[in-house]
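Welcome! Open your viewer, get comfortable with rotating and selecting, and follow along one stop at a time.

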Amino acid sequence: MWPAKGGPVAAAAAAAGSGAWLLLVSLLLVAVLLALVVRQLLKQRRPPGFPPGPAGLPLIGNIHALGAEQPHVYMRRQSEIHGQIFSLDLGGISAIVLNGYDAVKECLVHQSEIFADRPSLPLFKKLTNMGGLLNSKYGRGWTEHRKLAVNTFRIFGYGQRSFEHKISEEAMFFLDAIDTYKGRPFDLKHLITNAVSNITNLIIFGERFTYEDTKFQHMIEIFSENIELAASASVFLYNAFPWIGILPFGKHQQLFKNAAEVYDFLHDLIERVSENRKPQSPRHFVDAYLDEMDCNEKDPESTYSRENLIFSVGELIIAGTETTTNVLRWALLFMALYPNIQGQVQKEIELVIDPSKMPTLEEKSKMPYTEAVLHEVLRFCNIVPLGIFHATSKDTVVRGYSIPEGTTVITNLYSVHFDEKYWSNPEVFFPERFLDSNGQFVKKDAFIPFSLGRRHCLGEQLARMEMFLFFTSLLQRFHLCFPHGMIPDLKPRLGMTLQPQPYLICAERR
Ligand code: HEM
């Protein structure tokens, strides 16, 4: 007699069958996992002739060390052991770190073309598809976008005589807003961010945003949160293991959420400011970009697109705001910390600038001490301590080391500004190092806060104008001090940029 259908034998056979399946699937999974581990370990091997570097852990390489302390400080320390050019393993991503002025110059200037690429890291790919300007690969896309940005910044910005006046106007709004605190303690961050971003906004959108515009402020806030997140160890992990992206939690998810919100905001803003556009009569960067798109409409290789417009606008806003804002925040913190330096700047202001007028750029060359102070802030505070990651576009050789195409290159600008070959007592804040024996301002080769080579900062000129005009007009009107000797912590907050910890300050009318 046949056993009944679904009887105990069939059940046992089914159970044995599913057990075998389970075993097979488990074995397959283990095999795939093993293959992935082997692949990762192979990726982590140093290429032949590659610079030496600190030993890393299996799978994650040196990523853990970057999370443990300030990455730029860690890298400078490692350069004392392994040399000015050493390597790091970012979880299977081969990177070299350039330390000290000579090494950075040798690569970014003497081999400028080879070192002008950006690494194809999963984070950048996901955020901008390697398009836009700042993260763009070295090639036609970058050349077209950089040229357009440089030209537009000149035409609508520092090339216009009236532009200086527009910065002074913004400085007036800024000073009046500070005045409302009537010497009571407050955090300057919010006002400086608004004032500084408005200068870039004038060029990009042809308009400024009021200090009460909470939507614009929120966009800047989450954008700058992304600058902090982008340098976190967990985002380095995402770059090494992009499949982490499927996890519904983690810093990378916050970063993507913020980016999506920023892009939506910029999309709507771009639509609004281009509403009444007259083709070939640009009023600002957005118009100029749309004109270029029109001109290249029939070129299938053209890199101008709506998407790249959003990426470029975002990059210009954040690159211009996050950096200059932090320089000014550090500069004002140091003025309150060192009242004697503040006093000397104010003395120079009184000597050179008519007290009934706003400072002008013409007066800058007559104010060597103020210039020296701003330069020392840029040197000492290292706003962008590791620059923006570069990559090699071809195989090359530096100091006898073989560097393959596609290697990630980290420029430790902090180590350049603390390079003892070029700076004496670099750990001391000492503006006089930028003055000669006659008190005249002197330029220093190893001063490179805007980096070097083809990818050097395109906003340097604009940033210098803003820093001088905002700084001098503020110190002309106010005396700065900390409330009841509440001296802030000088340890910077980590991210792709270094910013001071939040601090309160009193701005008393002079
Ligand atoms: C004190 C203020 C500033 C500092 C310290 C600074 C610093 C830097 C540094 C270190 C880089 C990396 C260069 C490299 O890859 O080697 C950079 C790139 C860049 N900066 Fe600035 N920056 C400042 C202000 C600005 C401003 C005001 C703008 C524009 C509004 C701007 C736009 C850019 C852009 C677009 C790039 C990417 C250039 C490229 O990839 O070709 N920056 N900046």
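## A walk through the model

**Stop 1: the whole chain.** Before selecting anything, keep in mind that this is a predicted model. Among contacts between residues at least 6 apart in sequence, 72% join residues at least 24 apart. Color the chain from one end to the other and look for places where distant colors meet.

Now switch to a cartoon view. You can look for 17 helices and eight strands. Turn the protein around as well: its C-alpha atoms fill a box of roughly 115 × 60 × 50 Å along the principal axes.

**Stop 2: the surface.** Turn on a surface display. The protein exposes about 23800 Å², and carbon and sulfur atoms supply 59% of that area. Of the 510 residues, 53% count as buried.

Try coloring the charges next. There are 51 positive and 54 negative ones, and the mean positions of the two groups are 3 Å apart.

**Stop 3: residues 20-38.** Select this stretch. An unreviewed UniProt entry annotates residues 20-38 as "transmembrane region". What does the chain look like here, helix or strand? Over residues 20-38 the model is 100% helix and 0% strand. Use your distance tool on the C-alpha atoms at its two ends, and you should find them 27 Å apart.

**Stop 4: the iron atom and Cys457.** Select the ligand and find its iron atom. Which residue of the protein is a donor to the iron atom? The single donor from the protein is Cys457, through its SG atom, 2.3 Å away. The unreviewed UniProt entry also marks Cys457 as a "binding site".

Zoom out a little to see where Cys457 sits: in the loop between helix H16 (413-417) and helix H17 (460-477). Leaving aside neighbours within four places in sequence, Cys457 is in contact with Arg146 and Phe450, so show those side chains too. Is Cys457 buried, partly exposed or exposed? Cys457 counts as partly exposed because its relative accessibility is 31%, which lies between the cut-offs of 20% and 50%.

**Stop 5: Ser168.** Finally, select helix H7 (residues 161-179) and pick out Ser168 within it. Why does Ser168 count as buried? Its relative accessibility is 12%, and buried means under 20%. Show the residues that Ser168 touches, not counting those up to four places away in sequence: Met358, Pro359 and Leu469.

Conventions:
Residues numbered from 1 in each chain as written. Predicted model: local features only at pLDDT ≥ 70, side-chain atom pairs only at ≥ 80, totals over all residues. Heavy atoms only, no water. Helix = DSSP H or I, 4+ residues; strand = E, 2+ residues; numbered from the N terminus. Buried < 20%, exposed > 50% of the residue type's maximum accessible area, 1.4 Å probe, protein only. Contact = heavy atoms within 4.5 Å. Areas by Shrake-Rupley, 256 points an atom, 1.4 Å probe, with all protein chains shown as cover. Lys, Arg positive; Asp, Glu negative; His and termini not counted. Charge placed at Lys NZ, Arg CZ, Asp CG, Glu CD. Donors = N, O, S within 2.8 Å, 3.2 Å for Na, K, Ca; no water. UniProt positions renumbered as here; feature names shortened; annotations may be inferred.
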